[in-house]
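Here are some notes on the model you sent, set out as numbered points for you to check against the coordinates.

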Amino acid sequence: MLIKNHLLSFIAFPFLFVLLSSSVQGQPLIPDSLQLYESHQGYNTDWLLDGSEYRAGLFRTNKQNELVLSNGLISRTFLLSPNGATIGLDNLITDASVLRGVKPESVVMIDSVRYAIGGLLGQPNYAYLNPSWIDSLQIDSTSFRLQNIHWSTPQPRMGWKRSRHHDTSSAWPPKGTYLRMDYTHPAINDVQVSIHYELYDGIPAYSKWLTVHNNGSLPINVDTFTSEIIAAVEAASWVETRGVPMPTPNLHVETDYSFGGMRPENASRLSVHWVEDPDFSTQVNYLRTTPALLEVRPTVGPDQTVQPGSTFETFRAFVLLYDSHDKERKGLSQRRLYRTISPWVTENPIMMHVRFADWENVKRAIDQAADVGFEMVILTFGSGFDIEDDSPEYREEMQRFADYAKSKGVELGGYSLLSSRRIEPDEDNTRNPETGEPGGQIHNFSPALASPWGQAYFDNLYNFYSTSGFTLLEHDGSYPGDLDAAFRPPLQKGVHDSRWVQWRVISDFYKWCLEQGIYLNVPDWYFLVGSTKVGMGYREVNWSLPRAQQVIHTRQNIHDGTWSKTPSMGWMFVPLTEYHGGGAAATIEPLDEHLDHYEKMISSNMAMGVQSAYRGPRLYDTERTRRMVKKWVDWYKSYRDILESDMIHGRRADGKDIDWMLHVNPSLEDKGMLVVFNPLPEPVERILSVPLYYTGLEHRAAMHHEGANPVIYSLNRDHTIDLPIYVPANSMTWHLITQPSSSDIHNSDGWQHLRQTDFAQVNGYEDTWQWRDSVLYSTGEPIGVMRTTKTYRNFEMEIQWRHLKSGGNSGVFAWVPMKALESLEPGELPDYGIEIQMLDHGYKDLYRERTGQEGDWFSTNGDIFPVGNSKLTPFPPTSPNGVRSFPSKELSKGFGEWNHYYVRAINGEVRLWVNGEEVSGGTGAVPAEGYLCLEAEGSPIEFKGIRVRELP
């Protein structure tokens with residue numbers, strides 16, 4: 001069975017590393033090639049705005065037995081002899097020590113014997129760690145001893161097939177530094193325990209896990225382990241608690257051993273533990289119950305047998321050191337963590353949940369989705385879709401559904417219920433350890449994943465998604481963490497390994513899905529092993545409330561859910577037909593009759609960047625409804641990157657006043673978007689204080705009200721602006737926020753940023769022109785152009801461009817008439833227009849190699865010339881044949897660097913500024929009105945910051 005192969009391959013995989021290592025006489029040797037560590041406290045820039053300078057590395061100190069793992073935000077200092085031990089964990093942003101005491105690096109119980117891995121003994125006081133004590137600390141004679149160190153860069157812990165829109169600024173695997181420290185024990189020298197660390201660039205976070213390798217000839221058993229132990233500085237010094245829980249240190253800790261919850265706190269409850277430290281005898285709490293010792297460990301098991309030559313790998317812990325107690329900043333930090341360690345969570349397809357799974361209903365749903373721009377259709381719960389039907393006839397029908405969806409550019413997926421049900425035969429359900437019988441667990445009853453039923457179920461899923469063409473699974477009631485007291489060979493021995501085995505079964509499947517490009521809706525916290533979305537925080541029965549109340553709940557749930565989740569990590573719900581009761585007052589069908597409410601629901605979700613389950617038989621029932629849905633989908637896609645960025649929480653919806661949220665992303669051209677909702681029956685007009693710090697803007701902000709010409713605002717000392725707003729009754733409004741250009745500051749009227757919707761294809765292939773965030777990329781092939789959707793006569797234009805390889809060729813064509821474009825074939829350029837050339841300096845060498853001649857008839861610094869039948873009198877200096885205006889200065893930058901062009905075209909006269917200075921031009925252009933075209937001419941190129949202002 002497939003599930004056996006997946007799980008057994010995890011239990012026994014080869015132990016291979018291609019890394020640097022060094023050791024001498026049983027103790028690690030620190031090479032001189034490592035850079036000397038220079039501690040710098042604090043930071044030059046806020047890492048949440050720009051973390052590019054904070055790169056992780058491994059460093060030596062002026063002591064021969066110390067290493068430091070640091071990225072300028074946090075550092076972890078290791079002592080290498082007399083044994084490996086962490087002697088420092090510092091938050092460099094706040095200049096605070098996190099560590100108050102030396103503990104074992106980890107603990108492993110093998111064959112019923114507990115072993116410390118590394119660590120030192122003899123610290124006289126665990127309230128703080130005095131550096132003068134370190135040299136006197138002693139090795140634990142029973143512990144594993146450090147033998148080798150290895151370091152490299154992080155490797156992907158799973159594959160990710162990037163098959164749909166996502167945040168392209170997130171790297172996979174994460175960038176940073178990887179460190180491995182190998183330990184052995186003289187009493188069991190056939191066993192090697194390795195501790196693995198990853199420190200990431202640009203974020204105060206690291207990961208840690210263990211591997212246990214059996215080099216011997218007999219099996220060993222890993223009974224349990226503790227992979228991370230931190231004696232942390234206490235969050236508060238309470239003499240007594242009187243039953244009130246004490247706060248824990250200001251760290252965020254979670255693991256990929258997470259299930260049974262929609263938040264990391266409850267999903268990692270079985271692996272992350274803040275406990276009392278028995279060594280901390282000087283704490284002010286008389287009962288010594290201060291929760292200041294972090295232990296990352298399973299509560300039961302894993303009880304795994306490791307065969308000779310095989311390796312056991314633990315789950316991974318991820319630790320984020322907060323730099324503030326501010327709720328907003330902590331939320332931003334946590335969400336940055338997910339974008340770093342699980343960037344697939346930024347996938348956020350627009351999806352419909354079709355209510356019926358017959359061909360006519362599914363076909364209609366696919367057709368309507370394709371028509372209005374939805375990207376995914378789910379055969380939802382209660383639709384009649386049965387993924388467990390493995391009959392050839394049913395599978396053939398589902399493949400026909402998927403093929404049709406693909407032909408329309410729509411992804412198709414389906415729903416499957418795993419937990420929250422009782423299956424037959426009864427022995428295939430998890431057996432409660434307390435009663436010895438099924439039932440009485442998290443969902444009362446739940447199938448056992450190591451049972452014959454569970455193995456067959458997952459084999460069925462693997463087979464279905466390998467053959468059907470479906471690319472989405474909504475996996476409801478995923479494994480919640482139940483223990484299972486049954487013996488289920490060959491996968492499960494009993495209760496002590498049951499949680500581990502079942503977690504491996506489902507997490508291995510989710511990782512496989514991620515590798516295949518299968519999108520996962522899972523109502524539990526499986527993000528770190530491949531899932532992409534959980535509920536944003538709604539209570540399902542709320543969607544049986546009257547429609548007006550549902551709107552308020554929608555925005556409340558998004559406000560509350562996005563403290564710990566990015567907008568793309570949570571789904572919302574729009575019941576187009578009745579759901580959990582409520583009758584006609586709760587539903588939208590017929591859609592056209594409740595168009596106002598339908599639009600409120602769509603706009604509330606899309607304006608906050610959250611995708612919803614639009615559940616019903618159709619997306620529209622009239623042309624008027626269709627236009628409304630398509631309008632919002634088109635709007636969403638135009639601003640998708642900023643809408644799916646992080647949120648700053650404004651006023652929470654309560655139906656008494658306006659409510660608002662602010663999207664921010666300092667790395668985008670669109671730095672922010674403010675969305676304001678008015679649930680009142682009368683318009684609201686006021687001055688709103690808008691916090692712009694996390695947009696990265698420093699002095700001024702350009703505010704585009706609903707995409708209009710920008711109005712420039714100066715930021716107050718607290719990085720806010722005082723923005724006049726007017727929101728009509730029962731409506732919403734929005735402001736796009738950008739960095740003002742110099743011309744914006746002098747005159748903000750009239751400029752229009754050109755986006756994907758402002759251009760039309762002419763004669764390229766489907767992938768010749770691609771929008772990546774706010775950057776337009778061209779492969780350069782075939783030779784041809786892409787035009788604006790409107791024509792221009794007198795205008796100003798700004799555009800930034802860079803060639804991606806030496807010798808690149810491209811340009812902008814001004815004033816191209818339609819007759820030059822309408823019959824243009826791939827590989828052809830229009831025979832009209834004024835070209836403002838973008839030519840890389842390396843083109844001179846290519847021309848010489850190709851022709852054997854010097855290219856004296858062109859330059860690489862901004863020529864202007866007429867194309868084909870157009871006419872222009874060029875400004876001097878000119879090319880030898882008098883056709884081209886040669887630039888008066890050589891200001892263009894080489895390939896890989898961004899160039900800025902400013903073009904002014906008035907009454908047939910064209911002038912070009914290159915990187916801030918005027919260089920070339922001409923007059924008397926004929927024709928002097930037409931489209932603006934961007935050129936593909938055989939070489940990859942990128943454009944950004946494209947904007948035009950029409951002139952009288």
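1. In this predicted model, strand S4, which covers residues 74-79, and strand S5 pair in the antiparallel sense, and six bridges are found between them. One residue pair to look up along this pairing is Leu 79, which stands opposite Ala 85 in S5. The connection from S4 to S5 is a hairpin, and five residues make up the link.

2. S5 also pairs with strand S6, which covers residues 96-97, again in the antiparallel sense, and here the pairing is over two bridges. Asn 91 has Ala 96 in S6 as its bridge partner. The hairpin of S5 and S6 has four residues between the strands, and in that hairpin Asp 95 takes a positive phi near 55°, a value that you may wish to inspect in the backbone.

3. How many of the seven residues of strand S5 are buried? Six of them are, where buried means under 20% relative accessible area, and therefore S5, which covers residues 85-91, is largely enclosed by the rest of the structure.

4. On the cysteines, the structure holds zero disulfides, the criterion being a pair of cysteine sulfur atoms within 2.5 Å. Cys 513 has a relative accessible area of 0%, so this residue counts as buried. Cys 933, with a relative accessible area of 1%, is buried because that value is under the 20% cut-off.

How values were computed. Residues are numbered from 1 along each chain as its sequence is written. This is a predicted model: local features need pLDDT of at least 70, side-chain atom pairs count only at pLDDT 80 or more; totals for chains, interfaces and linings use all residues. Side-chain values use heavy atoms; hydrogens and water are left out. Buried means under 20% relative accessible area, exposed over 50%, partly exposed in between (1.4 Å probe, protein chains only). Two strands pair if DSSP finds at least two bridges between them.
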